[in-house]
Structures are given as C-alpha cells and as structure tokens.
Amino acid sequence: MNGTVGASGLILNEPLLWEKGRKGRRGMSMVESGVPPAPIDAGLCDEGPDFPDLSEIDVIRHYTRLSQWNFGIDSGMYPLGSCTMKYNPKINERMAATPEIACAHPMLDDASSQGVLRIMFELQQFLAVITGMDAVSLQPSAGAQGELAGMLIFAAWFRSRGEKRTKILIPDTAHGTNPASAALCGFTPVPLKSGDDGRLAVETVAALMDGETAGIMLTNPNTLGIFESNIRAIAEAVHARGGLVYGDGANMNAIMGIADPRKCGVDVLHLNLHKTFSTPHGGGGPGAGPVCVVQALEQFLPAPRVIRDDSGYRLADGGPSSIGRLHAFHGNFSVLVRAWSYIRSMGPEDLKKASQLAVLNANYVKERLKGTLHLPYDQPSLHECVFSDQFQHDHGIRTLDMAKRLIDYGYHPPTVYFPLVVPGAIMIEPTETECRDDLDQFVEAFKAVVQEAADTPDLLLQAPVRAKLRRLDETRAARHPCLCG
Amino acid sequence: MRYLPHTPEEIAEMLAVVGKGSLDELFTSIPADCRFAGSIPVPEALTEWQLNDLMREISGSMTIEPQHSVLVGAGRYQHHIPEIVRSLAGRSEFLTSYTPYQPEMAQGTLQGIFEYQTLTARLLGLDVANASLYDGASALAEALLMGLRVVKKSRRVAISRAVHPHYREVVASYLRPTGYEIIELPFGPDGRTDLSPLAGVDGLAAVALQSPNFFGAMEDLEQAATAIHASGALLVAGFTEPMAFGLYKNPGRCGADIACGEGQSLGLPVSFGGAALGMFACREEFVRNMPGRLVGETVDLEGRRGYVLTLSTREQHIRREKATSNICSNQGLCAMTAAIFMASLGGGGLRQTARCNYDLSEYLKNGLIAAGAVPVFSGPTFNEFALRFAGDFTPVRERLKGKGIVAGIELGKYYPDYTGCWLFCVTEKATKTILDTVISEVRG
C-alpha cells in the first residue's frame, strides 16, 4: 500500500454529548429580557428537556472530533455511482449565507422579497432551458419528493380527464425511490425487464402499456450509465395509449447541453440539484428536487411559483388544477441559491463541458478497470460504469469486501449492490471534478485490492483496518434497535 | 473553469485510452433526434468577483435587512444563532459527505445524528425520533399517513384549522390520491381546537393539532389526548416553534403518540423558509411504522461502540413500493445543525431562552392591549399572539417599517373571518426598546 493516500490519521475518541458537561455550563450567550417576568399558568409548564449543559469549547471539540471521523468530497474521491459526488464550490456557500438572503422571511409580501424571488425566477428559467421543458417548480425538497410531485401530476392529469389508471411501468434499472413514490399516488408498479444490452426495448413497453397504465418512469441515462436509445419510440408507444412519460433526471449530469429530455419524449422530469448542480449532500440532505414539465402539464405543478410582471417578481398561487403545496414555503431555498450560483459560475460552455468530462472520466475508469473487474454490460456508457465481483468469487471475495478494503486505501467505496440487475454490482461515478492523476491513483488502488483478493483475501475480509472502527454489526443494530441514548 | 481540472493534453491522452477521437464521440449512443440543439441558453459564465457583484445587487433589492426587527413568526422564527453553530455545521467533513451508507467512513455523521435523535426525543418527550424529514409540513403529512398504517381499518384523519394553513395544504396534497378523508376541526374563542365534531366519527386514524398553534395559542393537549385515545385514534402533535418546549410541557408528556414539526428555530436561518428541518418522534411501539431514516447503536468487530443506519427494511430502497415512505435524502445537515444548537444551549439555556421569548412576548401583548388593542383569542400563548385594533393598523405598520421594525402579518389572507386581525411574534432577539417603540406608535 505504499504511495496510496490511505493512512491512519490522528483520530481522537469522543464520548456522546450527554456523557460530558456539567449542569450550569453554557455554550452560548444568554439574553436577559429586560422586562419583568410575566405570570404563567404553572399547570401548563414543565422543567424543560434533559439536555447536557456544555461550555463553548466542549461543543467545539465534540463536533470537531466527530467531523474528523467523516470522509467528504473535500477529503478525497467519492466515486459513489448515481450520487454524483462532484466538488461543491465554496463560493456557493457564501452566496447562500448572504445576510439579506439568509434573513428573508417567507411570510412577508413580494415587495420585500424581490431579491430572493429573482433568484428563484432565474433558476426556474435555467432549469427549463437545460432540460428543454416548459415550466418548473422548485418546491420539492429532494429527488424523491420531486418524483412524488411527478406522480401527483400524473394522478391529477388523469383525474382531470376523468380517467382512472392504476398501474405504472418501472424498468429494473430504475432508482429505488421510483416504486415507493408511485405507490404513494396509488399506482401499482409493473416491473419491466431491460434487454441483454442494458437497454429497454420498445416491444417490452408496448406489450404492457395499456389503458389502465398511467405511463412509465424512466431514468435516462439509466443506472447502468447507458443511454436508453429507444426512448423516443418508447415515449411514442406510451403516448399512443394515452400514457405519460416520467423522466428521472438524477443522471442529468451526463447530458447537459448534449441530450434534450423534451425531444426524448419526456413529459415530467425531476432534477437533483445536489447531484448535477453541485450543492453539497450534507451527510444526507438538504437536497432539492425541482420538477419540470411540458406545457400541457404546467397547470398541475406545485404552487406557488415565481412569475415576473410589470411590478417585478411575484409569487403566483396555483390554479384549481395545481397539485398544491409540497413544502410549507419554497423548498430548500438555500440549496436553490447554491445551484443558481453554480449555473451562473459555469455558463453554457462549461455546463456542457462538465457533462463531457464526467463521461470521459467514467469511460476512462471503465477502460482501465475492464479485465480487472467483470464488466457485465460492455456497452457504450456515459457518466458511470457498473462492474461486478464475478471474477473474485473463486477467492471467496464479494463486492462488500473490496469496498471495505478501498477504505484502507483512502477512497470512499463506489455504490455497491445497485443496480439490482447486476448481482454484486460495483457502480462507479467519478464525476468531472476528478483529474486524471487522481483517477489513475484510484484505478491503481482498485487493482491492488483485486490483487490482494487473489493473494491475501483475508486482508479484504478483515477490512477496513485503518478507519476509526472496523466493520460494524448491522444485524445486531436491526435486531436490538438502540435508537436513543 | 476552476472546477474542471482537465488540461487539453490530458483530455487528448484520456480520449486515446478510451479509443475516441473527440469528446463528441463519447456520445454516439445518443440518437440524433434526442440531441440538444445549439448552446444552452443560460447567461455567460461569471468570475467569482462578478458573481459577488451580482449578489450585492440582488441582496440590495431586499428591503428587509438583517438589522431590522422582524416581529413575524407564522412558521419561521428569528432566533439568535451562535457563531459556533455556523462554524461547526459548516465543516466540510459534514457538509460534503453523502448519506452514511459506509459507516466506517461516516461515524461523525452517524454519531451526530444519533445524538440529534436523542436530543429530539428528549425535547418532544417521546421514545424515538428519526433522522429528520423535509420540513414540518411534510412531516405532518407523513405522520397522518403513518397513523393510517398503524390504526387498522381506518380511513379518516382530522386536522385542526388552527394548524398552519400551509401545512394543511401540504397534507391535502399528500393525501389527495389516497382517497382518505380529511376532517377539518374548528377552533373556539380561546383559539383552541374544538374536538366536538369528532363525536360519532368512525374509522378515525389520527387527529392532528398544532401547539403552539398558528395563532400562538397553547392547545390543551392533555385533554385532547384523552378524548382522542378514547376514540381509538392517535394524537399527532404538530409544532412550528419547538422553543416552546423549553417552558411548556412537551407533546409526549401531554400524551401525544407522534410529535412532528419544524425545527428551523434550532439554529437554522430563516432563509426564505428553507433549508428546513422536519422533526419527527413517536412512541416506541410504532417505530417499525415510522417514515425516514434511523441511526442505531451497535458495535464493531472488536466490540467498540459505533453507529449505523438501521431498520432499513422499512425504507424505499429495500421494500420498494411497500416502504413506509419514499423518502431518501432528508435534511441531514439541518439535523446536525439543530443538534449543535441544542448542545450549545443546554437544558438550562433552552429554558432561559424560552422564558425570555415568553416574557418579551407578554410584554408586547399587554402593552398593546393597554394601548387599545383587543386579543383575538383568550387562551395562553408562547411567543406569538393575535390582536385586533380599533383603527386600521396598516399605516402604523408602515411607520414602524420606517423605523426598522416589521410588525406582524395580517390574518385575512389565511382566515377571511379574521380580516383586520394581526399576528405578532416576539423572540429573544427583540429588545424592550423595540417593543416600546411599537407600543407607543400604536398609542399614537
């Protein structure tokens, strides 16, 4: 492992919050009201929660130590397939923290809020032209809520036409959230099998698309990183039976300025701003999942949205057809500011370049690891590539073991065991912000792990050994849940 | 572009490795009729310095500035945020990490969220809290859907009209395609919900109240819990202002089965309503019906304490269409921020801050009543209250704006019956001087 980035750092132990501190300590300034205490009905009151009392330095050290047990994009390469872990620009953080923006109160009138409304209006426009769609709602708080919005729009569309459709087609290469989102809207998922080339065939769709089926949920490029080249014909088959096409735009990072979802026949599309548009994942959110639609579906979008008229920017309520609100206010607004900042920083050429380089990087890694790892679908692919652990089975090594050993080499593992169509899947998405040297280093690390799988498999079975903790007992966590300290 | 590290030479070398002559050749799998035409019509790229200038122009068009006193709540609250919260929550190891699927590389996030779950459960007086939902409104919708799963053969839920109007809209959006019925409950002259329309209603899964409610009034949750449980339904206690539980009895203590609401008050900026934090807690017996992610304690191979995501068999990526929710990414960093805030404040600090909110709020309320205003509702409040004025309050409000004070919002837009009534909010950020200015402006 000489020359790899993996190393044991100076990791300090730290107890749980309530295992430290002393009653009476304070970690923040306390305000004196300056007015007399007001009478209160003691029967309604309580002694307050049992929180630990800590000083400012107690809190600082606690969270600084915790943060050092974490790996982020700023620490190193994070080739997590389908999650698009690209660099999160620092200037975007500063934009979102602009004091006038951060203190904007959402219950005040439009005249007080022109700046924030302008950012939302511009972002709506930008996302519309990037996807080729006609109208955008920024309200959904994450990709899954964007999907939910899309499915609610499907339901509202059929309701408006007096139709009751109960099923929806979902390919086996779809994101895991798709079936759950559809089910929330009363659609029963009908699984579609992708072909041997990793693509969906028109005939497969046409055979199942009937008058009771609302349409299809399609991820393009799909979770194998393969562009669904039959998408136009698939969309026509769905439209011919009165159905709608939902595009999961989680993989938009592969095709900005290159493919046009609208021309592909997509009617509703959600985007993950925390993937394609560089906003940070925050250890699991906040994200943002704007939903984009063609004109015929605009009336159903969540409301309010921002419009511009002679008096400036204003929030427009939805009409009677709108699916209504999905968020108390406007979604994760501070995330929207970051995405706006990213698009303004990139401009048209570099957005397209980002997609080109993301695809170049993924193809480069695919080419260099092909042969070392089993490549189940040797097809032209875009922003990610999916290998499997088939070559390592003889050594008793599985995907998980290689993933854990990569941690010792200083890399976050790829997405594992997804998509489900590939047993033992290893899904790598380098993103465009990794340079060639770093990709080479990653490839060499992976090759070394594969070599170890043959020579010293026990090293992999024991991995990781350099992280703060060894493998964790997930079965015990689920069998005897301890969710609260 | 500084975010794209490739030199032209590297691009050429990499293309040679993959056997392509140009970047365009990487995309031959995309049919011609699916291609994007021309250049993306977004504005040309800005340098960092140009972007700063643009943001200065945009922020300059905001008429409310940070030094203004905003005496408005209604779902979002201006509280002091200590510098350590910003500083710690901004650490890039927290900010730029993904959902902790690889626990050995994410113990910081995992222990931090476990602590958040614990502090949340203690704050709300319940056994278990999840790792967060999107916001208070979708958390309420998820709570009602959970109630419909827990209470067998149920098909109705009830929700108070004193719940934030936007929350009720979100609940309606989530429930519309399910076919379940939503019963709206009126409120009485004390501003508290009237449960009497529930008499004789069958198939009831859950009743959602908000306390403090939209008018700032504290609901009588204990009495409501008894009545609701007698009908076989669950009490869902919503909130938009968790600071209240530093002073008032928490939902669990009052008998709530599920408590859910907005956690923005706990260290998050108002930021035009987002990023938000959906807090969600329930009694132990319902944990397997809970939506959202959960972090649990376990041990590693050497027996050392550690944390993992757990009970994922409830979730979308395992159970697919049978999942308890479709939620995937949630509000991880917001939950971490709230935990840092709660840790900084401590139990004593929360109590003191809550008391400060109450005293200042009562000071303004009583001052305005003495100046001729009339309370719209008679019940006890926390840091918000509704008043009616003898004359038109609008010109008074305009004058106060000129003095850097944004005083209240009008209720008519949300409750036409209460046109001419104004909802005020006073937090620890307000000073006696500010409140005296408002009172004397009203007195005229």
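**Entry 1. The E11–E12 loop of chain A**

I began with Tyr417(A), which I found in the loop between E11 and E12 of chain A. The model I am reading is a predicted one. For Tyr417(A) I noted a phi near 60°, a positive value in a residue other than glycine. I then looked up Pro419(A) and placed it in the loop between strand E11 (415-416) and strand E12 (426-428) of chain A. The peptide bond that joins Phe418(A) and Pro419(A) is cis, and I recorded its omega as about 0°. I keep in mind that most residues other than glycine have a negative phi and that most peptide bonds are trans.

**Entry 2. A cis bond at Pro286(A)**

I looked up the bond from Gly285(A) to Pro286(A) and noted that it is cis, with omega near 5°. Pro286(A) sits in the loop between strand E6 (268-271) and strand E7 (291-293) of chain A.

**Entry 3. Domains of chain A**

I turned to the domain division of chain A and wrote down domain 1 as 92-345 and domain 2 as 348-469. Their C-alpha centres are 30 Å apart. Across the boundary in chain A, I recorded 18 residues of domain 1 in contact with 19 residues of domain 2. On the side of domain 1 of chain A that touches domain 2, I listed eight nonpolar, eight polar and two charged residues.

**Entry 4. Domains of chain B**

For chain B, I noted that domain 1 is made of 69-80 + 346-443, while domain 2 covers 83-342. The C-alpha centres of these two domains of chain B lie 27 Å apart. I recorded a contact between 26 residues of domain 1 and 25 residues of domain 2 in chain B. Which elements of chain B each supply at least two residues of the domain 1 side? I found helix H10 (332-370) and strand E12 (384-388). H10(B) gives the most to that side, with seven residues. By class, I entered the domain 1 side of this contact in chain B as twelve nonpolar, ten polar and four charged residues.

**Entry 5. Chain A against chain B**

I next looked up the contact between the chains, in which 169 residues of chain A meet 165 residues of chain B. The largest share of the chain A side comes from H10(A), with 23 residues. I noted the composition of the chain A side as 93 nonpolar, 47 polar and 29 charged residues.

**Entry 6. H10(A) with H1(B)**

I followed H10(A) to one helix of chain B. Helix H10 (residues 333-369) of chain A and helix H1 (residues 8-18) of chain B have axes that come within 9 Å and cross at roughly 45°. I therefore entered H10(A) and H1(B) as oblique to each other. Their crossing is left-handed. From H10(A), I listed Leu360(A), Asn363(A), Tyr364(A), Glu367(A) and Arg368(A) as making the contact, and from H1(B), Ile11(B), Met14(B), Val17(B) and Val18(B). This contact of H10(A) with H1(B) has six nonpolar, one polar and two charged residues.

**Entry 7. H6(B) with H7(B)**

I looked up a helix pair within chain B. The axes of helix H6 (residues 136-150) and helix H7 (residues 165-175) of chain B come within 8 Å and cross at roughly 45°. H6(B) and H7(B) are therefore also entered as oblique to each other. I recorded the crossing of H6(B) and H7(B) as right-handed. Residues of H6(B), including Gly136(B), Leu140(B) and Leu144(B), meet residues of H7(B), among them His166(B), Val170(B) and Tyr174(B). By class, I noted ten nonpolar, three polar and no charged residues in this contact of H6(B) with H7(B).

**Entry 8. The sheet of chain B**

I closed with the open sheet of chain B, in which seven strands follow the order E2-E8-E7-E6-E5-E3-E4 with mixed pairing. Which strands stand at its edges? I identified strand E2 (128-129) and strand E4 (181-185) of chain B; each has a single partner strand, so one side of each is left without a neighbour in the sheet. Inside the order, I checked strand E3 (residues 156-160) and strand E5 (residues 204-210) of chain B, which run parallel and are joined by four bridges. Val157(B) has Ala206(B) in E5(B) as its bridge partner. I then placed the two helices of the preceding entry on the strands. H6(B) lies across E3, E5, strand E6 (234-239), strand E7 (258-262) and strand E8 (278-282) of chain B, and runs at about 160° to E7(B). H7(B) lies across E3, E4 and E6 of chain B, and I noted an angle of about 165° to E4(B).

How values were computed. Residues numbered from 1 in each chain as written. Chains lettered and ligands numbered in written order. Predicted model: local features only at pLDDT ≥ 70, side-chain atom pairs only at ≥ 80, totals over all residues. Domains from an automatic or database assignment. Contact = placed C-beta atoms within 7 Å. Nonpolar A, V, L, I, M, F, W, Y, C, P; charged D, E, K, R; others polar. Axes fitted to C-alpha atoms, helices over the stretch in contact; angles between N-to-C directions. Parallel < 35°, antiparallel > 145°, perpendicular 65-115°, else oblique. Left-handed = near helix turned anticlockwise from the far one by under 90°. Pairing = 2+ DSSP bridges.
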